[in-house]
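Colleague: I have a model open and would like to go through it with you, piece by piece. Could you take my questions as they come?

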Amino acid sequence: QVQLVESGGGLSQPGGSLNLSCVASGSWYSLRYMGWYRQRPQKQREVVATASNTGSIRYSDSVKGRFTISRDNAKNTVYLQMDSLKTEDTAVYYCNAEVRPYSHADLDDYWGQGTQVFVAP
């Protein structure tokens, strides 16, 4: 089993910054991907950014150039630095991890409990 504990989030004005972090604990063969998803009000959950354990990073077009994902493999932690926040970034942000529990196994998917980000004047 893998547990993901998120921290950060909260309230910001437009143009402001917030930082999220997520620590993974448990046991695995490979912590392949860690990333962030969000669910805006009355919208489906969507990917924000992902980072592989080999350094491959992807962003959604809506956050590219404003958000930065980083990962500390030694600490099993992923961060999301959110700058130039917009009101449409208001959402519950979820940490995600894709884990290979043992060699040659399929990837298992884990989620954090979610943290609220609210951007308003």
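Colleague: Let's start with the rings: how many aromatic pairs does the count come to?

Modeller: A quick note before that: this is a predicted model, so local features need pLDDT of at least 70 and side-chain atom pairs count only at pLDDT 80 or more, while totals for chains, interfaces and linings use all residues. Residues are numbered from 1 along each chain as its sequence is written, and side-chain values use heavy atoms, with hydrogens and water left out. As for the rule, rings of Phe, Tyr and Trp (its six-membered ring) pair if their centres lie within 6.5 Å; planes under 30 degrees apart count as stacked, over 60 as edge-to-face and the rest as tilted. By this rule the count comes to one aromatic pair.

Colleague: And how are the rings of Tyr 37 and Trp 111 arranged: stacked, tilted or edge-to-face?

Modeller: The pair links distant parts of the chain, with Tyr 37 in strand E4 and Trp 111 in strand E10, 74 residues apart. Their ring centres are 5.0 Å apart and the planes sit at 75°, so the pair is edge-to-face.

Colleague: Is Trp 111 buried, partly exposed or exposed?

Modeller: Here buried means under 20% relative accessible area, exposed means over 50%, and partly exposed is in between (1.4 Å probe, protein chains only). Trp 111 has 35% relative accessibility, so the label is partly exposed.

Colleague: Zooming out, how many strands does the protein have?

Modeller: Helices (H or I, at least four residues) and strands (E, at least two) are DSSP runs, numbered from the N terminus. From that end on, the elements run β-β-β-β-β-β-β-β-β-β-β. So there are zero helices, and the strand count is eleven.

Colleague: What does the radius of gyration come to?

Modeller: It's taken over C-alpha atoms, and the globule rule is 2.2 Å times the number of residues to the power 0.38. Along its principal axes the C-alpha trace spans about 50 × 25 × 25 Å. The rule gives 14 Å for 121 residues and the protein comes close to that, so it is as compact as a globular protein of that length, with a radius of gyration of 14 Å.

Colleague: Which strand gives the most residues to the largest nonpolar core?

Modeller: A nonpolar core is a set of buried Ala, Val, Leu, Ile, Met, Phe, Trp, Tyr and Cys residues joined through side-chain atoms within 4.5 Å. The largest one has 27 residues, and Leu 4, Met 34, Trp 36, Leu 80, Met 82 and Tyr 93 have the most contacts inside it. Several strands supply at least two residues each, including E1 (2–8), E3 (18–26) and E8 (77–82). The biggest share, five residues, comes from E9.

Colleague: Which residues does Met 82 touch, leaving out those up to four places away in sequence?

Modeller: Contact means heavy atoms within 4.5 Å. Met 82 is one of the core residues with the most contacts inside it. With that sequence limit, Met 82 touches Gly 16, Ser 17, Leu 18, Leu 20, Arg 66, Phe 67, Tyr 93 and Val 117.

Colleague: Which cysteines form the disulfide?

Modeller: A disulfide is a pair of cysteine sulfur atoms within 2.5 Å, and the structure holds one. With -80° about the S-S bond, the link is left-handed. One partner lies in strand E3 and the other in strand E9, so parts that are 73 residues apart in sequence are tied together. The sulfur atoms are 2.0 Å apart, and the cysteines are Cys 22 and Cys 95.

Colleague: Is Cys 22 buried or exposed?

Modeller: Its partner, Cys 95, has a relative accessible area of 0% and is buried. Cys 22 also comes out at 0%, so the label is buried.

Colleague: What is the phi of Asn 76?

Modeller: Most residues other than glycine have a negative phi. Asn 76 is in the loop between E7 and E8 and is partly exposed at 24% relative accessibility. Although Asn 76 is not a glycine, its phi is positive, at about 50°.

Colleague: Where is Ser 84?

Modeller: Ser 84 also has a positive phi, near 50°, in a residue other than glycine. Its relative accessible area of 40% makes Ser 84 partly exposed. Its place is in the loop between E8 and E9.
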